[in-house]
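Please read the following account alongside the sequence and the coordinates, moving from individual side chains outward to the chain as a whole.

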Amino acid sequence: MRRSAVPFALALVLFAAPAGAQSLDDGVRALGQGRFGEAVRQLGPLAQQGNPEAQYLIGTMYANGDGLPIDVPRAERLFRAAAAQGHARAREQMEFLRSLRPPAQAAAAPAPAPAPAAPVAGADGAWRVQLGTVASPELAQAEHRRLARRYPDILGDSQAFSAPFTMPDGTGVARVLAGPYDEATARDVCAKLRELNAGCRVVRPDG
């Protein structure tokens, strides 16, 4: 799967930028439109200053790999900081990430291989959307079911897929994917989810 367009080093530089002209509204708008680099530029300094909404939004970007490298521990730290200031959604996300941690005795075991995705005829119908990152393929199935129940008009007819990914610290995780779609439908699904402040990333057939 292709990595996001904003590398980690660039994210750190942006986070250090002066925040005087930053706008939470501009950052939220950029995130909703899938302009992740601009979202980081606007929201990063605000998150460092302790703005709970910015901390929550940057945390979701780290958790989902939206314009930033997937970094679940960093996402959890941001959610915790926002939750400490009373941000309810950040508290929910923090508790959700904690619930996905595998038992300590199983931490050293390799993540089970995901079930092979059903073949899709034609590249135009092989697009997916990434909905998040969890600890295992089994949890990816459960998370897809949860999101399909939460957004039935958007995800109710989709199938669940997963893709393994190894984080920089060596932890094996699984990406939560839904599909199959053609390109236009995949982009429309993500646009609708982002309008609801839900993480979503379009995944190409060769991604």
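Asp26 is partly exposed, with a relative accessible area of 32%, and in this predicted model its side chain meets that of Arg29 in a salt bridge, at 2.8 Å from N to O. Arg29 is likewise placed in the partly exposed class, its relative accessible area being 44%. Both residues belong to helix H2, which spans residues 24-32, and their separation of three residues amounts to about one turn of that helix. Side chains of opposite charge can pair when their charged atoms come close.

A second salt bridge, between Arg89 and Glu53, has its closest N and O atoms 3.1 Å apart. This pair links distant parts of the chain, since Arg89 sits in helix H6 (residues 88-99) and Glu53 in helix H4 (residues 52-64), with the two positions 36 residues apart in sequence. As for surroundings, Arg89 is partly exposed, at a relative accessible area of 34%, whereas Glu53 has a value of 18% and therefore counts as buried, the cut-off for that class being under 20%. The side chains of Glu53 and Arg89 are also joined by a polar contact of 3.1 Å.

What else does Glu53 touch, leaving aside its neighbours within four places in sequence? Besides Arg89, the residues in contact with Glu53 are Leu24, His87 and Asn197. Of these, Leu24 belongs to the span of helix H2, residues 24-32, the helix that also holds the pair Asp26 and Arg29.

Further along the chain, helix H9 carries a salt bridge of its own, in which the side chains of Asp188 and Lys192 meet at 3.1 Å, N to O. These two residues are four apart within H9, a spacing of about one turn of the helix. Asp188 counts as partly exposed at 37% relative accessibility, and Lys192 is also partly exposed, with a relative accessible area of 37%. The structure holds eight salt bridges, among them the three described here: Asp26 with Arg29, Arg89 with Glu53, and Asp188 with Lys192.

Helix H9 also contributes to a covalent link, for a disulfide joins Cys190 to Cys200 with an S to S distance of 2.0 Å. Because Cys190 lies in H9 (residues 183-195) and Cys200 in the loop between that helix and strand S4 (201-203), the disulfide ties together parts that are 10 residues apart in sequence. The link between Cys190 and Cys200 is left-handed, with -70 degrees about the S-S bond. Are its two ends buried or exposed? Cys190 is buried, at a relative accessible area of 0%, and Cys200 counts as buried as well, at 0% relative accessibility. The count of disulfides in the model comes to one.

Turning from these local features to the chain, one finds nine helices and four strands, which run from the N terminus in the order α-α-α-α-α-α-β-α-α-β-β-α-β. Of the 207 residues, 45% are buried. Among contacts between residues at least 6 apart in sequence, 63% join residues that are at least 24 apart. The chain exposes about 10300 Å², of which carbon and sulfur atoms supply 54%.

How far does the predictor's confidence extend over this picture, and where is it lowest? The average pLDDT over the chain is 76, and 74% of the residues score at least 70. Confidence is lowest in helix H1 (residues 8-15), where the mean is 35, and highest in helix H8 (residues 152-155), where it reaches 94. Over residues 1-21 the pLDDT stays under 50, although the model has 47 contacts for this stretch beyond four places in sequence. Residues 104-123 form another stretch with pLDDT below 50, and there the model has 15 contacts beyond near neighbours in sequence.

Technical notes. Residues are numbered from 1 along each chain as its sequence is written. This is a predicted model: local features need pLDDT of at least 70, side-chain atom pairs count only at pLDDT 80 or more; totals for chains, interfaces and linings use all residues. Side-chain values use heavy atoms; hydrogens and water are left out. A disulfide is a pair of cysteine sulfur atoms within 2.5 Å. Buried means under 20% relative accessible area, exposed over 50%, partly exposed in between (1.4 Å probe, protein chains only). pLDDT is the predictor's confidence in each residue, from 0 to 100. Contact means heavy atoms within 4.5 Å. Accessible areas come from the Shrake-Rupley method with a 1.4 Å probe; for residues, only the protein chains shown count as cover. A salt bridge is a side-chain nitrogen of Lys or Arg within 4 Å of a carboxyl oxygen of Asp or Glu. A polar contact is a pair of N or O atoms within 3.5 Å; within protein, one must be able to donate a hydrogen and the other to accept it, and residues adjacent in sequence count only if both atoms are side-chain atoms.
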